[in-house]
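Work through the following exercises with the sequence and the structure side by side, and try each task before you read its solution.

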Amino acid sequence: LVPNARGVVVVVVVQSVRPTTIQESMDALAALAASVPAEQRVAVLATALAVAVVLLVATMVFGRATEPPRVVPVILGMATGNPAYRVSQEAALAVAEACPECDAIRPVLARIYGNSRIEYRHMAVPDFTPEQQLAGDAPFFPADKSFKMPVEQRLAKFREKAVPLVTEVCAKALDDAGIARADRARCIGKLVVVSSTGFLGPGLDCELITTLGLARSVDRTLIGFMGCAAAMNGFRVANDYAASHPGELALLCCVELSSVHTTFDDNVNDAILHAIFADGCAAAVISGERVGSKRAKGKFGMVDTHAALMEGTEDGITLSINENGISCTLSKYLPQYIAKNMGAYVEAFLSKHGLAKRDLDFWAIHPGGRRIIEEAQNGLGLTEDQAKYSWQVLANYGNMLSPSVMFVLELILNDHKAALSKGERGLRQGIAFSFSPGVGAEGILLKVM
């Protein structure tokens with residue numbers, strides 16, 4: 001504001017506002033007002049305010065119009081797969097009851113297996129389904145049913161069984177995304193491999209470069225020991241790459257073979273582990289797409305991720321590596337931890353986007369077990385129908401750790417595609433989440449583009 005003989009000239013500079021800038025501007029305005037004759041002060045301040053508001057509104061409107069559309073990680077393709085041996089829960093129970101290490105807990109095994117709401121699981125080794133044994137695939141564990149095996153042999157068996165499985169599933173995901181084999185080396189700029197049951201060096205990332213025909217310069221990240229939530233961490237890494245490298249794709253692969261780490265110690269925790277854990281693999285192809293782009297239309301965009309480490313829950317999920325394999329301990333309080341904390345977790349996540357639970361039309365809950373799904377429902381006030389996809393995966397596949405939530409997402413995506421093919425609206429937005437050691441809640445917010 002520059003007073004002169006004829007009146008007042010108003011000069012307004014619009015800039016990014018910092019907290020200190022507001023105070024500085026107020027001080028300068030107060031000093032200026034004091035220097036202007038009293039009869040002109042109201043007119044000066046009113047004019048300055050009016051011009052500032054007009055320019056600010058114009059900057060917001062026209063500035064927004066010229067901003068480039070936001071880049072969102074989009075799932076272009078997804079696939080899942082399992083090892084060949086499909087084991088009924090009754091057959092798995094028979095193996096456990098025949099194990100000499102299970103003397104003390106044998107009376108409760110039938111109840112543990114029967115209350116799991118699991119009907120079938122898949123295993124990479126034929127020991128649980130000898131009638132399905134493929135030619136050349138000998139039983140893995142000792143004939144004395146002790147299931148004692150050094151961890152080195154277990155990891156060697158993991159490599160043997162995992163390589164063909166991850167190759168097949170990743171190839172299916174690339175096909176689903178419309179990426180021809182000849183284009184893989186050019187299109188895939190990032191490879192993320194996730195597992196808590198296989199630690200190898202060189203790892204599955206090196207194997208996939210060869211078996212899939214990826215570029216040897218592809219950026220690679222391995223994520224391990226994040227347990228059931230590891231897929232969420234994998235998505236986060238793949239999403240960041242895709243969003244910051246337009247035109248390049250990220251390939252995410254999660255594989256877990258719990259069966260090669262089977263041990264039957266004479267305790268309830270071990271019985272629960274081998275009543276619910278199973279083998280599986282899932283893969284997704286992710287692209288950073290601008291909002292409104294043709295390629296993104298109708299697909300699921302991952303608009304945000306959210307993590308929260310719960311307080312006082314360190315005993316909830318713990319993982320360990322010992323001489324006899326990789327194992328897990330689940331606290332009897334884990335379901336309570338989930339019921340108590342998930343309401344606040346979801347509310348905090350959704351509030352960042354101005355959303356509430358009523359705005360979501362699908363829920364991808366990690367199918368970690370009957371009590372896990374039940375207490376997630378209780379903590380969030382969800383119905384059986386809202387959790388139907390998770391119950392379906394649990395019944396047909398058990399808890400496959402990191403790939404499990406991706407199996408749930410695949411069912412949701414298939415229903416969405418089916419609705420679109422019928423000319424229906426399909427789904428709009430939803431949330432997926434799972435749990436890591438600690439206990440941590442890890443999730444992604446998905447919206448149909």
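**Exercise 1.** Find which helices and strands each supply at least two residues of the lining of the largest pocket, and state which of them gives the most.

*Solution.* Begin with the elements themselves, bearing in mind that this is a predicted model: the helices are H4, H9, H10 (334-351) and H11 (370-380), and the strands are S5, S11 (317-322) and S12 (325-330). Next, look at the contributions, where H9 comes out ahead with seven residues. The lining as a whole has 48 residues, and those that lie nearest the centre of the pocket are Ile272, Leu273, Ile276, Leu330 and Gly368. By type, the lining divides into 24 nonpolar, 18 polar and six charged residues. Finally, the space in this pocket amounts to about 970 Å³.

**Exercise 2.** Determine which residues of helix H3 (residues 89-98) are buried, and explain how they are placed around the axis of H3.

*Solution.* The first step is to list the buried residues of H3, which are Gln89, Ala92, Leu93, Val95 and Ala96. They lie on the same side of H3, because the arc that they cover around the axis is only 160°. The last step is to ask what this buried set packs against, and the partners are strand S4 (85-88), helix H4 (106-114), strand S5 (120-123) and helix H9 (268-276).

**Exercise 3.** Describe the surroundings of Cys281, a residue of strand S9 (residues 279-290), and decide whether it is buried or exposed.

*Solution.* Start with accessibility: the relative accessible area of Cys281 is 0%, so this residue is buried. Then consider its contacts beyond the neighbours within four places in sequence, which include Ala79, Thr80, Leu165, Val169, Cys253, Pro403 and Phe407. Gly81 is also in contact with Cys281, and although the two are 200 residues apart in sequence, their C-alpha atoms are 5.3 Å apart in space.

**Exercise 4.** Count the disulfides in the structure, and explain why Cys102 and Cys328 do not form one.

*Solution.* The count is zero. For a disulfide, two cysteine sulfur atoms have to be within 2.5 Å. The cysteine sulfur closest to that of Cys102 belongs to Cys99, and because it is 4.3 Å away, it is too far for a bond. For Cys328 the closest cysteine sulfur is in Cys228, and the distance of 7.1 Å is likewise too far for a bond. As a last step, note the accessibility of both residues: Cys102 is buried at 2% relative accessibility, and Cys328 is buried with a relative accessible area of 8%.

Methods:
Residues are numbered from 1 along each chain as its sequence is written. This is a predicted model: local features need pLDDT of at least 70, side-chain atom pairs count only at pLDDT 80 or more; totals for chains, interfaces and linings use all residues. Side-chain values use heavy atoms; hydrogens and water are left out. Buried means under 20% relative accessible area, exposed over 50%, partly exposed in between (1.4 Å probe, protein chains only). Contact means heavy atoms within 4.5 Å. Helices (H or I, at least four residues) and strands (E, at least two) are DSSP runs, numbered from the N terminus. The arc is that of the directions from the helix axis to the C-beta atoms. On a 1 Å grid over the protein atoms alone, a cavity is a set of points where a 1.4 Å probe fits but cannot get out, and a pocket is an open set with protein on both sides within 12 Å along at least five of seven lines; lining residues have an atom within 4 Å of a point. Grid points are joined across faces, edges and corners, and a volume is the space filled by probe spheres set on the points. Ala, Val, Leu, Ile, Met, Phe, Trp, Tyr, Cys and Pro count as nonpolar, Asp, Glu, Lys and Arg as charged, and the others, Gly among them, as polar.
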